Each structure stands twice: as structure tokens, then as C-alpha cells.
Amino acid sequence: MARLICTGITSLDGYINDERGNFDWSQPDEEVHSFVNDLERPIGTYLYGRRLYEVMRFWADPHVGPDPSPAALDYAAIWQAADKIVYSTSLESTDTPRTRIERAFDPKTVQALKDTADRDLSIGGPHLAAHAFRAGLVDEVQLFVSPVSVGGGTRFLPTGVRLDLKLAEQQRFANGVVYLRYQAA
């Protein structure tokens, strides 16, 4: 059975973006990006909310910007090789390979995906992930906590849901980012 992993880069106060939607403070440096790539290699399918998918489409271009770093090129290849399921009621179509749209999150369907997948799944987008947390489907939470407090915005973890977690791994990086990996208790 595959694991469902929820990963996020957050501010110290738990937000993935600030009140204006900015997340420029969360861009990983080469050391963190390389570490993220190693975490993402086992992912066979990404489950995305529409907004996160629209951000992640950037990785469909093999050149990923004007002067891509080795870590960026590596991540682009990892992302392109995985399947993507986008949960959206408004998106008409996708323009990236290996991508399909689902109109609604169904916990039974996601559990069936976990039961039959030979590679781990990743869920992203706080609103979509909240459904998985409420259904008890998330097996692991991976946080990259950035050394900044943004004071408000979009929370990474859902409100109104208790999560009992066990710390499984931690790592500090030179830029002040701290990685925390938790398993569902």
C-alpha cells in the first residue's frame, strides 16, 4: 500500500502564503531544493487543488526559467514523470501531460488509489488536503519551516482537525529552514 504524503513549505507561523497570496519568501535554495527532490522521487501521483496545480504547471517546461539550476532541472524531470490528478469544479482542461481532472474529492476513491498504487502519493493545496486530513487518509506530513513570520494568509494545516503525529525525522539547513517529517500516530 502506498502512503499519502502532505508536504508544504510554511512560514514559522504556519502559512503557505501571506495575506496578499505572496510566497516568494518560501523559494528553496539549492541545498533545500536538492533535499526536496530526493523526497519527491518516490512520488508516483500528485493530487492537487486547482490553485496549486496552476502554480506547479511551471515545471512542465523543461527549461524552467531563464537560468535553471541543477536542482530545478532535476525537479522538473521528477514532476514531469509523475501522474497528476487535479481536483477542480471550474477547470475545463489541463495542458500538462499525465494529468487528469476530478470534479470532487472522494475519500473512498483516494483510499483505493493508496491500496493499489506501487508508488507513494502526494497531496497538495490546503483546501484539498483538508479533505484528506478529515478523512484520516494522510499518512505523513512533511514541513519545511522557513525563518519568517508572515502574520496571516493561507494556513498549511486545516483548522478544526486534530492530528496526532509522531516526529520521524528533522533536519536543519544553512539558510535557516528546518525540515520536519511526521507520521500519523
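**Core, salt bridges and a pocket in a predicted model**

Good morning. Leu4 touches Leu47, Val110, Lys114, Leu121, Ser122, Ile123, Ala132, Leu137, Val138, Asp139 and Glu140, leaving out residues up to four places away in sequence. I begin with that residue as a way into the interior, and I should say at once that this is a predicted model.

Which residues touch the most other members of the largest nonpolar core? They are Leu4, Leu47, Phe105 and Ile123, in a core of 22 residues. At least two residues of this core come from each of strand E1 (4-10), E4, helix H4 (107-116), strand E6 (120-124), H5 and strand E7 (140-145). H5 gives the most, with four residues. Apart from this core lies another, of 15 residues, including Tyr48, Trp59, Ala76 and Ile78.

Let me turn to Leu47, which sits in strand E3, residues 43-49. Leu47 counts as buried, at 0% relative accessibility. Setting aside neighbours within four places in sequence, its contacts are Leu4, Ile85, Tyr87, Val110, Leu113, Leu121, Ser122, Ile123, Gly124 and Leu128. As a measure of the fold around this position, Leu47 and Arg103 are 56 residues apart in sequence, with their C-alpha atoms 12 Å apart in space.

Ser122 appears in the contact lists of both Leu4 and Leu47. This serine belongs to strand E6. Is Ser122 buried or exposed? Its relative accessibility is 7%, so Ser122 counts as buried. Beyond neighbours within four places in sequence, Ser122 is in contact with Leu4, Ile5, Ile43, Thr45, Tyr46 and Leu47.

Next, helix H5, which spans residues 126-134. Its buried residues are Pro126, Leu128, Ala129, Ala130, Ala132 and Phe133. Two of these have already been mentioned: Ala132 is touched by Leu4, and Leu128 is in contact with Leu47. Just after H5, Gly136 adopts a positive phi of about 70°.

Gly136 also brings us to the second largest pocket. Which residues lie nearest the centre of this pocket? Among its 14 lining residues, those are Phe133, Gly136, Val138, Leu163 and Ala184. H5 and E7 each supply at least two residues of the lining. The pocket holds about 150 Å³ of space. Phe133 is thus both a buried residue of H5 and part of the lining of the pocket, while Val138, also in the lining, is touched by Leu4.

I now move to charged side chains. Side chains of opposite charge can pair when their charged atoms come close. How many salt bridges does the structure hold? The count is 13, and I will show three of them.

The first example joins the side chains of Asp38 and Arg41, at 3.1 Å from N to O. Both partners are partly exposed: Asp38 has a relative accessible area of 48%, and Arg41 has one of 36%.

In the second example, Arg98 meets Asp83 at 3.0 Å, N to O. Arg98 lies in the loop between strand E4 (83-87) and strand E5 (99-102), whereas Asp83 lies in strand E4, so the pair ties together parts that are 15 residues apart in sequence. Arg98 is partly exposed, with a relative accessible area of 45%, and Asp83 likewise counts as partly exposed, at 32%.

The third example is Glu169 with Arg181, whose closest N and O atoms are 3.0 Å apart. This pair links distant parts of the chain, with Glu169 in strand E9 (residues 165-172) and Arg181 in strand E10 (residues 178-184), 12 residues apart. Here the two partners fall on either side of the 20% limit for burial: Glu169 is partly exposed at 28%, while Arg181 is buried at 17%. Through shared partners, salt bridges join Arg3, Asp120, Glu140, Glu169 and Arg181 into one network. Glu140, a member of that network, is also among the residues touched by Leu4.

Finally, another acidic residue, Asp18. Where is Asp18 placed? It is in the loop between strand E2 (15-17) and helix H1 (30-40). Asp18 counts as buried, at 11% relative accessibility. A polar atom of the Asp18 side chain lies 2.9 Å from the backbone nitrogen of Arg20. Not counting residues up to four places away in sequence, Asp18 touches Trp25, Val150, Gly152 and Gly153.

Thank you for your attention.

Key: Residues are numbered from 1 along each chain as its sequence is written. This is a predicted model: local features need pLDDT of at least 70, side-chain atom pairs count only at pLDDT 80 or more; totals for chains, interfaces and linings use all residues. Side-chain values use heavy atoms; hydrogens and water are left out. A salt bridge is a side-chain nitrogen of Lys or Arg within 4 Å of a carboxyl oxygen of Asp or Glu. Buried means under 20% relative accessible area, exposed over 50%, partly exposed in between (1.4 Å probe, protein chains only). A nonpolar core is a set of buried Ala, Val, Leu, Ile, Met, Phe, Trp, Tyr and Cys residues joined through side-chain atoms within 4.5 Å. Contact means heavy atoms within 4.5 Å. A polar contact is a pair of N or O atoms within 3.5 Å; within protein, one must be able to donate a hydrogen and the other to accept it, and residues adjacent in sequence count only if both atoms are side-chain atoms. On a 1 Å grid over the protein atoms alone, a cavity is a set of points where a 1.4 Å probe fits but cannot get out, and a pocket is an open set with protein on both sides within 12 Å along at least five of seven lines; lining residues have an atom within 4 Å of a point. Grid points are joined across faces, edges and corners, and a volume is the space filled by probe spheres set on the points.
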